[in-house]
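Trainee: I should like to learn how to read the features of a structure that is new to me. May we go through them one at a time?

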Amino acid sequence: MAAPCVSCGAAASYRLFLGGGVSLARRQGVWKAAAAELQTGAGFQILRLRHTTGVTTKKNVAALRRETYTVDFIKKQIEEFNIGKRHLANMMGEDPETFTQEDIDEAYGKLLEAEKHQNQLQAKGLFSEKTKTKNLIGSRWLIKEELEEMLVEKLSDQDYAQFIRLLERLLTLYGGAEEEFVQRFRRSVTIQSKKQLIEPVQYDEQGMAFSTSEGKRKSAKAEAVVYEHGSGKIKVNGIDYLLYFPVTQDREQLMFPFCFLDRLGEHDVTCTVSGGGRSSQAGAIRLAVARALCSFVTKEEVEWMRQAGLLTADPRVRERKKPGQEGARRKFTWKKR
Amino acid sequence: MLKRMTRLVSGARQLDPGRFLHGEPQAPQSLAAHLDNQVPDESPRATSCTSEDDPARHGEQHEGQHYRIPLQDLRTVFPHGLPPRFGMQVRTFNEACLMVRKPALELLRYLKNTNFAHPAVRYVLCALDGETGTGKTLSLCHVIHFCAKQDWLILHIPDAHLWVKNCRGLLQSAYNKLRFDQPVEASSWLKDFKTANERFLSQIKVQEKYVWNKRESTEKGRPLGEVVEQGLTRVKNATDAVGIVLKELKSQSGSGAFRLLVAVDGVNALWGRTTLRREDKSPMAPEELALVHGLRKMVRNDWHGGAIVLTLSQTGSLFKPRKAYLPQELLGKEGFDALDPFIPILVSNYSPEEFESCVQYYLENSWLQHEKAQTQEGKKELLFLSNANPGQLERLCAYL
């Protein structure tokens, strides 16, 4: 019957579908009637003979095959029709769920025109399939409110979705001819890394370069002073870090920024920390030290650190306990009776 | 530029915390197999181990290097065993290697130049600024090994804190009604003393008659070994036997027949508080323990013919804050006055060369199996994580 198994998005598929689709349109009316009949006669398992010619010559063998319309046969045809309808909806860039009969008719009109246009263009040799994704980096589509504002008219969600789909389709076709048109509907997005604040380097009385910054984690606040040249000594609240953090895990946290930048043993750190517990104090100092190290380090290394997560404050805080539960997530023991 | 990028890329890959150096997932079986496969090769050990096994000949040129204590010596010189973690290392590597460090060398120099006519000098090994695990006990062990090789009589109390806490079976002393005996501790110490100083026990003669009970007594002129035997067989009299031994040694050390070394680890226990209670649940003061009383007399410098080497330790101490490290804080006023004057010897963390030597020793024994351990970055990581503290480094490199 009609060839519903087309792959979308290729020019060849248009032709294939069109070849079969035109016949589909004609037979549509027939199927619809048959489907209606099937639904009304659902209780009966009766064969419904339509064209009872009964002639079994070679010419009419194909016609004979079409004559016996069993219930299963009709059902299968209805399914194939629906699948074909969905494929058509995909190709037209519409939503497959809400593709009505009028949309089908419109689609055929457009497809025929498009085929004519394509033939003309191919004759001229302007048809190209290049996809351009470079223009899409660093920008985003307008959101629905912004688009409404621009067009000064109310839009529905489906309209907006349809619009974005069409614009994306437009970008992939015809070598980016309408690029400026499409770019009107995109806004640039600032790259996160450019927002990184780098502390200035200060100099103390002896001329030693150092840099200060702060860090927070849960309820611990830390302030770190990192000296540019040193031997890797760290003092926390005036106490050596080995005595302040007896647990190896905390010292590993302190080591992470230096280890990442391969600068173990090159900087001296003096820091003060208050609040929180041992683990959050270690995390706060780590953040402060990483931020302070930004001033001694190149821009790419700052970007590497940001991507490693050294420069992001950990937003996790203790979740509140809710009434009716034992803790933040834990519920009371469920008793069956 | 490219090299920098690759280093940072490898750094970026290190985000997985499992890659950090200190995790040593070495199963004992695979280590043993490795040791079996290893052909004993002397040349790589030259960097961190010295072949000089006699502590008397250790000098500055051996600083930072490990020297081996023969295993038979271990059994005689340290019968009670070494500090537990070091003992585990000895059993793992099948050899006891101590690092020669500055404090120990200093002490050895003093000991070699002692004037035995003068009263015994007290040397106290202490650490700076609240650090623990810097090597005080092992330096003491080094000194004891030296003295044993020089044929001194060693009076070694491995941990005085064990005598003031967790003691069961306190008995009222027969000798002095006000004091208490500790039979278990006394008898175990007598056993170790006997193993360490076998040859002296027959030479030294008792100078008084001691009556143990109605039937047993030790005559004047009998060898000291008999007193020790009496203490070992009659556990009830063990504490008194210890007291007698201490008294005799103190009085006879001046005669010049032998040289006496008194080595006490954790001497601040003698002047602290105890966790022991009497039957009526009232707390006991340390001077009411006969062992402590005898030891306090021993540590006084009113005898000559030897030396006293002591260690202060907060780790096992009772009722002392963790940050206390000064002699005044740990000993208290009474203890400080009793020990004053003394020579403090500072034991601090590893110097860079000593750290390097220690890591090299572990690498040579195939103890550090992580491939990054041999690289410079790996050693820097270890240095950072342990801050050159010997105890911390040992714990970092230990198996999980």
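**A guided reading**

Mentor: Let us begin with a single loop: P341(B) is placed in the loop between α12 (327–339) and β11 (343–347) of chain B. Please keep in mind that this is a predicted model.

Trainee: What kind of peptide bond joins D340(B) and P341(B)?

Mentor: The general idea comes before the case. Most peptide bonds are trans, and most residues other than glycine have a negative phi. The bond between D340(B) and P341(B) is cis, with omega at about 0°.

Trainee: Which value does phi take at D129(B), and where does D129(B) lie?

Mentor: D129(B) has a phi near 55°, a positive value in a residue other than glycine. D129(B) belongs to the loop between β3 (121–127) and α6 of chain B. Its relative accessible area is 37%, so D129(B) is partly exposed.

Mentor: D151(B) also deserves attention, with a positive phi of about 70° although it is not a glycine. D151(B) sits in the loop between α6 and β4 (153–157) of chain B. With a relative accessibility of 42%, D151(B) counts as partly exposed.

Trainee: Both loops involve α6 of chain B. Is H145(B), which lies in that helix, buried or exposed?

Mentor: Helix α6 of chain B spans residues 136–149 and includes H145(B). The cut-off for buried is under 20% relative accessible area. H145(B) counts as buried because its relative accessibility is 0%.

Trainee: Which residues does H145(B) touch?

Mentor: Leaving aside residues up to four places away in sequence, H145(B) touches D53(B), P55(B), Y67(B), I69(B), D73(B), V77(B) and F78(B).

Trainee: Chain A has a residue with the number 145 as well, namely E145(A). Is E145(A) buried or exposed?

Mentor: E145(A) lies in helix α5 of chain A, residues 144–151. The cut-off for exposed is over 50%, and E145(A) is exposed because its relative accessible area is 52%. One may also locate E145(A) by distance: its C-alpha atom is separated by 9.9 Å from that of Y160(A), 15 residues apart along the chain.

Trainee: How should I describe the packing of α9(A) and α10(A)?

Mentor: Two packed helices are described by the angle between their axes and the distance between the axes. Helix α9 (residues 248–260) and helix α10 (residues 278–293) of chain A have axes that come within 9 Å and cross at roughly 10°. α9(A) is therefore roughly parallel to α10(A).

Trainee: Which residues of α9(A) and α10(A) meet?

Mentor: From α9(A), the residues are Q249(A), D250(A), Q253(A), L254(A), F256(A), P257(A) and F258(A). They meet R278(A), S279(A), A282(A), I285(A), R286(A), V289(A), A290(A) and L293(A) in α10(A). The residues of this contact divide into nine nonpolar, three polar and three charged.

Trainee: Against which elements do the buried residues of α14(B) pack?

Mentor: Helix α14 of chain B covers residues 376–386, and its buried residues are G378(B), K379(B), E381(B), L382(B), F384(B), L385(B) and S386(B). In chain A, they pack against β8 (234–236), α8 (241–244) and α9. In chain B, they pack against α13 (352–364) and α15 (390–397). Just after α14(B), N387(B) has a positive phi of about 55°.

Trainee: How many disulfides does a search of the whole structure find?

Mentor: A disulfide is a covalent bond between the sulfur atoms of two cysteines. The search finds zero disulfides over all chains. As for individual cysteines, C259(A) is buried, with a relative accessible area of 6%, and C167(B) is buried at 12%.

Trainee: How many helices and strands does each chain have?

Mentor: Chain A has 11 helices and 10 strands, while chain B has 15 helices and 11 strands. Buried residues make up 34% of the 337 residues of chain A and 52% of the 400 residues of chain B.

Trainee: What share of the contacts joins residues at least 24 apart in chain A?

Mentor: The share is 62%, taken among contacts between residues at least 6 apart in sequence. In chain B, residues 24 or more positions apart account for 74% of the contacts with a separation of 6 or more. Finally, the accessible surface is about 21400 Å² for chain A, with 55% belonging to carbon and sulfur atoms. Chain B exposes about 19300 Å², and carbon and sulfur atoms supply 53% of that area.

Notes. Residues are numbered from 1 along each chain as its sequence is written. Chains are lettered from A and ligands numbered from 1 in the order in which they are written. This is a predicted model: local features need pLDDT of at least 70, side-chain atom pairs count only at pLDDT 80 or more; totals for chains, interfaces and linings use all residues. Side-chain values use heavy atoms; hydrogens and water are left out. Helices (H or I, at least four residues) and strands (E, at least two) are DSSP runs, numbered from the N terminus. Buried means under 20% relative accessible area, exposed over 50%, partly exposed in between (1.4 Å probe, protein chains only). Contact means heavy atoms within 4.5 Å. Accessible areas come from the Shrake-Rupley method with a 1.4 Å probe; for residues, only the protein chains shown count as cover. Axes are lines fitted to C-alpha atoms, for helices over the stretch in contact, and angles run from 0 to 180 degrees between N-to-C directions. Angles under 35 degrees count as roughly parallel, over 145 as roughly antiparallel, 65 to 115 as roughly perpendicular and the rest as oblique. Ala, Val, Leu, Ile, Met, Phe, Trp, Tyr, Cys and Pro count as nonpolar, Asp, Glu, Lys and Arg as charged, and the others, Gly among them, as polar. A disulfide is a pair of cysteine sulfur atoms within 2.5 Å.
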